[in-house]
Amino acid sequence: MDTQIISLILLAPLVGAILVALVPDRGKLPAWVALATTVVTFLFTLHLPAHFHYGQAGFQFESDCLWLPSPAIHYHVGVDGLSLWLIVLAGLLGPIGVLASWNSIRDRRKTFYSLFLIQQTAMIGVFVALDLMLYYGFWELSLIPMAILIAMYGRTQSDPGGPKAALRFFLFTFIPSAPLLVALLWLYAKTHTFDFTTLQQAIASGTIPAGPLCWLSLAFLFAFAVKVPVFPLHGWLTDVFAEAPVAMAMVVAGKLGLYSLIRFHVGLFPVQARAAAPWLLVLAVIGILYGALLALVQKDFWRLLAYGTLSSLSFCVLGIYGFTLSGLDGSVYQTLNEGIIGAALFVLFGLIYERFGTSQISVYGGLASKTPALAATFTIASLALIGLPMLNGFVGEFLVLSSTFAGASRTLAVIATAGVILSAAYMLQLIQRVFLGPISDIASNLEDHDRDFDLDFRERLVLWPLAVLMLVMGLAPALWLRAIEPAVQPASLPAQVHAARPTPPVSAQLVVSGGQQ
Amino acid sequence: MTLSLWLIPLLPLAGFLVNGLVGSRLPKALVTTVALAAPLAAFLVVVRAALAVANHSVALPYSESCPIGWINAGPIHIDFTFALDQLSLIMLLVVTGVGFLIHIYSAGYMAHEDGYWRYFAYLNLFLFFMTVLVLAENALLMFVGWEGVGLASYLLIGFYFSKTSAANAGRKAFVVNRIGDFGFLIAIFLLLANFGTVSFSGLAAALTANPGTSVALLTTISLCLLVGATGKSAQIPLYIWLPDAMEGPTPVSALIHAATMVTAGVYMVARTHFLFDRAPLALTVVAVVGAATAIFAATIGLVQTDIKRVLAYSTVSQLGYMFLGCGVAAYSAAIFHLVTHAFFKALLFLAAGSVIHGLSGEQDLRKMGGLRKKLPVTFWTMSAGVFAIAGFPLLSGFFSKDAILAAAFNQGTFGKGLYVVGLITALLTSFYMFRLWYLAFFGESRSDDHSHHPHESPWSMLGPLVILAILSVFGGWMGAGEGLGRFGAFLAPVLTPLHPAEPVEASLEYALMGVAVAVALLGWFLAHRFYGSKNDRARALAASAPGVYNLLSGKYYIDELYNRLLVQPVLFISRYILGWIVEGAIVRGSVWVAAGLINLLGEFLRRWQSGNIRSYAGWLVTAAALLLFAVLGVTLGAAGITVHFNWVGH
């Protein structure tokens, strides 16, 4: 089972996509099929942490076979502590995405859920692919459904909201993909392999001269930094957040880019990544403050969330390029946090938008007395976002900030910590303007309806597990960190140690763990 | 024996969970039972621990750890460890004891409010975080409690959330506290980076082992901690949130914004005094901040007309005394004042709450008067509080304030300056407290509303008042005598400074006491002159110096100053410089350049593509299907046809 589980995880959503395409478009049937598929996929992903060998570096559940002989593309997949929880997170966000779209997607359900499921496969594929061409395939595959869905299901009625945002997203993510592809092909031409570990060793042993390596690493960095996004490459984020369907928007930023940065930028080009680190650290700190400051003055809550996301994703970047073990731990952890908190906030904003039809913050107010459960859940998610201790956001931020302080730069760490003040300011201001204060017209209109506007069963089913997860991840981070730490350990070591040894310890363990499977 | 310290925070947490999750559906009596049982049970656990300490059946310091650590990442190891020593024991007795009394009082005060369950859920949540703060054996766990009490405070200040002023006040409290927390966090980073630990015992041991630790480093750490303390304990420059926090229900003001949470900064300085002891400059700053806050807030308190605001500024001022005590390394005296202040300030707030309750919500002193006869129990208990805070002989405030002033006097010329400031503050304190006393309880009623008749509060509210009044009157005796008597001796193992001061000579001590009593009497006399009978003296004095009067009643316009100098510029920069110029022109503008290039490419592509997004989707599905079959074939091929599908069963 262990060698096939990843293939199963990848296949399940694709099979589901075909099923959705085949079933008649009657009522919610496509949604039910999609829900069943994503639940099954999620259960499959849970197999990974259940059978993972903790404390062991290197890839597990590996499966490697030749796909195309020339160019030598392998179907090579595997999981290590870095990708483990991201896969589970992607699995978890599947059913949540379907449930979040339950009522908001009313037409062309078959198209929507098919593309959603393809996107699900592509996203998990990015996390498991260990062959760079395979990885690139999944990477591109993840962009296309996203762009199409944004174009088709754009939220604002104003012409041309959706297509314009989709074009922007497409421009931003496809342009950097081109140099990434060129870089991959160049590497293949030099080494005749797309295999991640082989390439890692080849680069570490100095097969490739420093000059080209520098350009290669920049091509990788650029593609990933746009996807994260890193300041100032976030130009696509606000429009996409404002337009994309909730299920898409909650996965579009963060995870894929940050994972790729750690695995392929830092992992393949440790020396170049270190050279680029000072720039990235500064950009990350600017991103933290810039995002928070702009979030403070937004009038539209999707845009506020976009800038807030930019701010909290920049914490992850800060942790990666500090190259300390605890900082990398914190980064990966914060990536997970961002996935969970972001998903919860997207669902919450989505259902507020669904009920009231506007994202203008100023028309809201006093909702808490009408929708107490919604207000309470929103408050918990907001507190997690602003890093209240005992909730998950704090652990990630603390690890990143304290290790940046001890390792990379005290000044930058102090400036970044000021972001903690601003995050409280913009989030609490939002809570106040939406939920507190005198009852606004929009909230008093609720009395005219018979319907209960508070969270319904479906919404509780989506949100409460996320809230519980925020609490558990804040209290017992060890459950997650014990897998993450061994995986990011090599990245925290000085690069020259890597290069000096003929066979790095990581790959040695890899062979052993591969053999056990 | 084991003390089960973990029960102390977890019991209120359980109360919070029950009332928070299902409280809205429970009958009121059950909500009350759960809400009151939790702090009572926690108090009993503390009492049991205190008895065990008294019998010597447990040795202090005593600690309990959760077997699973909290954060373990790289070099960072942080555990859930609770520690009990003399200092935390005293704090716990105050927090759970006074906390329990205020819970009882709340049951009466809040009986007719909507959201009764929500109120008690928040109050229990506060006790959870406050006891975590006190019990924490390391700085990060203390930070958990530190931010957590801030959260509870935010929720309770904004309890009447449909009032804009309450919602604003809650947010202001949280954000201003976050500025302080920023300092606390930096201090934690400094400790981790330089000592590799945040455990208090570990740090103390590390400093004892390395006497040569850089004073500059310790000063920086101490000053960062002080920034945190000024936020939570409402000292200059971060005191501005506390007066606004009076928007919360009055029992909340008593518990959180007078007796317990706001003293967390003092507790923190005392807890980390081994750092401050080695950083004389930081100690000086603590003393100056404390003295300046004490006199500054007292002057504002002179002219406030809202009964709760007078008490709020009084709290800020009294907290200043505690910082002054810490700053002259008289930690035990500061903690002593913390304890007596918890008694008499909780009493004053609760009595004020009883007045407000009796007057159906009236808080304006100008509309009170003549309540002595109508609210007799409230009057007598409040009188105990007023005389105690004013420092009348043999009452609790007398002993503790005197201990701080004597310690300051003993610290050379600089200390004598602080002493004078403290003495003037004592005069002001006595004056504004008696002003409140006269305005509320004496003379004729000045209420415009004659339909409501003031009524005495129920016994669920008066009971706690009486107990707190007894504590305010007699509570000082535990610290009477040389070196704070039994209280000082009990705390000595934890709070003896690195360089203990010479004890104050008995004759000097008596002289200082005499001066303090004279000052308290003078304050009473002045208040009597102005407010004891119907006269125009107060108004005439205000009219004679309108500038000063407006400055004081406008609270020195500090809020307006901060708004102009900090808030507005930040918003301006965000909105215009960042929002319009950087974001609008540069970040987003650059895309249109790229878009132009792509449009060219698009023109080229359009010649052989339909441009229809549905056909792209069709292509995509086809491609995905092909990919699926390829993967399927490869996977099955790899698994081997002979074993195919066997793995599905495993």
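Helices (H or I, at least four residues) and strands (E, at least two) are taken here as DSSP runs, numbered from the N terminus. By that count, Pro61(B) sits in the loop that links helix 2 (28-54) to strand 1 (62-65) of chain B. The peptide bond leading into this proline from Leu60(B) is cis, with omega near -5°. This is a predicted model, in which local features need pLDDT of at least 70 and side-chain atom pairs count only at pLDDT 80 or more, while totals for chains, interfaces and linings use all residues. Residues are numbered from 1 along each chain as its sequence is written, and chains are lettered from A and ligands numbered from 1 in the order in which they are written.

Chain A has a cis bond as well, running from Phe231(A) to Pro232(A) with omega near 0°. Pro232(A) falls in the loop between helix 8 (210-227) and helix 9 (237-243) of chain A. Most residues other than glycine have a negative phi, and most peptide bonds are trans. Arg108(A), not a glycine, has a positive phi of about 50°; it lies in the loop between helix 3 (81-101) and helix 4 (109-128) of chain A. Ser4(B) also has a positive phi of about 50° without being a glycine, and its place is the segment before helix 1 of chain B.

Next, burial. A residue is buried if 20 or more other C-beta atoms lie within 10 Å of its own, exposed if 12 or fewer, and partly exposed in between, with C-beta atoms placed from the backbone. Arg108(A) has 16 such neighbours and is partly exposed, and Ser4(B), with 13, is partly exposed. In helix 11 (residues 264-271) of chain B, eight of the eight residues are buried, so this helix is largely enclosed by the rest of the structure. Among them are Tyr267(B) and Arg271(B).

As for chain A overall, it holds 22 helices and two strands, and 64% of its 517 residues count as buried. Its radius of gyration (taken over C-alpha atoms) is 22 Å. The globule rule, 2.2 Å times the number of residues to the power 0.38, puts a compact globule of 517 residues near 24 Å, which agrees.

Helix packing was looked at in both chains. Axes are lines fitted to C-alpha atoms, for helices over the stretch in contact, and angles run from 0 to 180 degrees between N-to-C directions. Helix 1 (residues 5-22) and helix 2 (residues 29-51) of chain A pack at about 180°, with axes 9 Å apart. That makes the pair roughly antiparallel (angles over 145 degrees). In chain B, the axes of helix 1 (residues 7-22) and helix 4 (residues 116-135) come within 8 Å and cross at roughly 160°, so these two helices are also roughly antiparallel.

Finally, the chains meet: 72 residues of chain A are in contact (C-beta atoms, placed from the backbone, within 7 Å) with 62 residues of chain B. Helix 17 (residues 410-435) of chain A gives the largest share of chain A's side, 11 residues. That side divides into 52 nonpolar, 17 polar and three charged residues. Here Ala, Val, Leu, Ile, Met, Phe, Trp, Tyr, Cys and Pro count as nonpolar, Asp, Glu, Lys and Arg as charged, and the others, Gly among them, as polar.

Conventions:
Two residues are in contact if their C-beta atoms, placed from the backbone, lie within 7 Å. Angles under 35 degrees count as roughly parallel, over 145 as roughly antiparallel, 65 to 115 as roughly perpendicular and the rest as oblique.
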